[in-house]
Each structure stands twice: as structure tokens, then as C-alpha cells.
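Student: Here is a chain I would like to learn to read. Where do we begin?

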Amino acid sequence: SAEVSKIVGSESGTAEEGLHSEEQTDSVKIKGIYVTGPMAGSKGFDNLLTLVDTTELNAMVIDVKNDDGKVTWNLAEGTAKEIGACAGYVSDMEGFMALLKEHHIYTIARIACFKDPILAREKSELGLKKPDGTAVTDGNGLAWVNPCRQEVWDYLIELGREAAKIGFDEVQFDYVRFPIGKDAREAD
């Protein structure tokens, strides 16, 4: 399990309410596991709930947008819906979040930022390009979007707001960087 410290204002107490904690403290240890969108929406997820319930784990980092650019649940509107990024791994996101809260799990929404082949394909003007106009890809052939484009930032903020609205306790923006490798060195 990954362990990070989360500083919590003792006035609000909100983080403690979502953790296995008997008393309010200024610092809460978070011990969590990473959960992909497909796992979150599968029957196997029950095993992860049991794991958290029976160990010192108290948090889950759950993909909101994964490395493939897919969003875990179907959004009613917005960019993700427009570009076809909603994978619908979790069919009832409100119910899923309620279940996590019932189990006192601190929830962290993971949003892969600039590694996004769907956005790069559907809005090619946002893709990171080489001088010849072809897409910059990583070692797995996944296209990245241009980290310098405001429109990309706006999309990520939109997803972060959706995660907060649905009830995630925290948002983790991942892949906040340029890609590495031969293609990246050729980026225009």
C-alpha cells in the first residue's frame, strides 16, 4: 500500500469522517490502493472493499480519467461526452461513491493529464506534434496532448470539478509533464 500524509485542518473534521479514525487529529495517515476504472466497475471490486475493511488500508485512488484517456463513468455533458471518452465502467457513480463512504474510505480521484490519446485524436489541434505534424507518442504508442494549451487545462479542470461534485475527497492530477523518449525529443 502507498502511504502519504495528509494535513487536515482540525476545525473541519471532514477528512477524519472518511477515515477509520477514533479521534480528530491534525495529521491523518492515508494508506491506500490504486483502483482502475474497469476494476471499480467489476464484481471483483467487492474483494477490494473486503481488503480495506480488514486491513489498515483507508483510502482508494480511483481512475477518473486513465492513461488511455477514458473516463470511468458516463458524464451527462461536457468535453468527455463530446469526444467519446466516457467508458462507463461504473454504471451508477453516485451509488458507487455512497458505497465507498459507507465503508469509510477516503477517495482520491486520479486524472491522467497530458497522456490522453482520445483528446489528441478527437481534437487534433490539442495534440502534441512533431515538426512533420504527426502525433508525439510514448513508448506504448499513446498520443499526448500539448501541456501548454489552455483548452487542455480547461478539460482537466472540468474533470476535477466533476470528481469533486460526485463526492471525491481529493483530486490527484497525474502525468503533469511532457512525455519522454525519442518522439518527445522531436516535439515541436
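**Reading a helix and a strand residue**

Tutor: This is a predicted model. Begin with burial along one helix: in α7, V152, Y155, L156, L159, G160, E162, A163 and I166 are buried.

Student: Why do the buried residues of α7 line one face of the helix?

Tutor: Look down the axis. The buried residues of α7 fall within an arc of 155 degrees, so they line one face. The face turned away from that buried side carries exposed residues, R161 and K165.

Student: What do the buried residues of α7 pack against?

Tutor: Their partners are helices and strands. The helices are α4 (79–82), α5 (93–102) and α6 (117–122). The strands are β3 (59–65), β4 (106–112) and β5 (170–174).

Student: How do I check the length of α7, residues 150–166?

Tutor: Compare expected span with end-to-end distance. At 1.5 Å a residue, the 17 residues of α7 should span 24 Å. The end C-alpha atoms are 24 Å apart, which agrees.

Student: What comes just after α7?

Tutor: Check the backbone there. G167 follows α7 and takes a positive phi of about 120 degrees.

Student: Now a single residue. Is T107 buried or exposed?

Tutor: Read its relative accessible area. For T107 that value is 0%, and buried means under 20%, so T107 is buried. T107 lies in strand β4.

Student: Which side chain does the T107 side chain meet in a polar contact?

Tutor: That of K101, at 3.2 Å. Beyond four places away in sequence, T107 touches M60, M97, L100, K101, G167, F168, D169 and E170. That list includes G167, the residue with positive phi just after α7.

Conventions: Residues are numbered from 1 along each chain as its sequence is written. This is a predicted model: local features need pLDDT of at least 70, side-chain atom pairs count only at pLDDT 80 or more; totals for chains, interfaces and linings use all residues. Side-chain values use heavy atoms; hydrogens and water are left out. Helices (H or I, at least four residues) and strands (E, at least two) are DSSP runs, numbered from the N terminus. The expected span of a helix is 1.5 Å times one less than its number of residues. Buried means under 20% relative accessible area, exposed over 50%, partly exposed in between (1.4 Å probe, protein chains only). The arc is that of the directions from the helix axis to the C-beta atoms. Contact means heavy atoms within 4.5 Å. A polar contact is a pair of N or O atoms within 3.5 Å; within protein, one must be able to donate a hydrogen and the other to accept it, and residues adjacent in sequence count only if both atoms are side-chain atoms.
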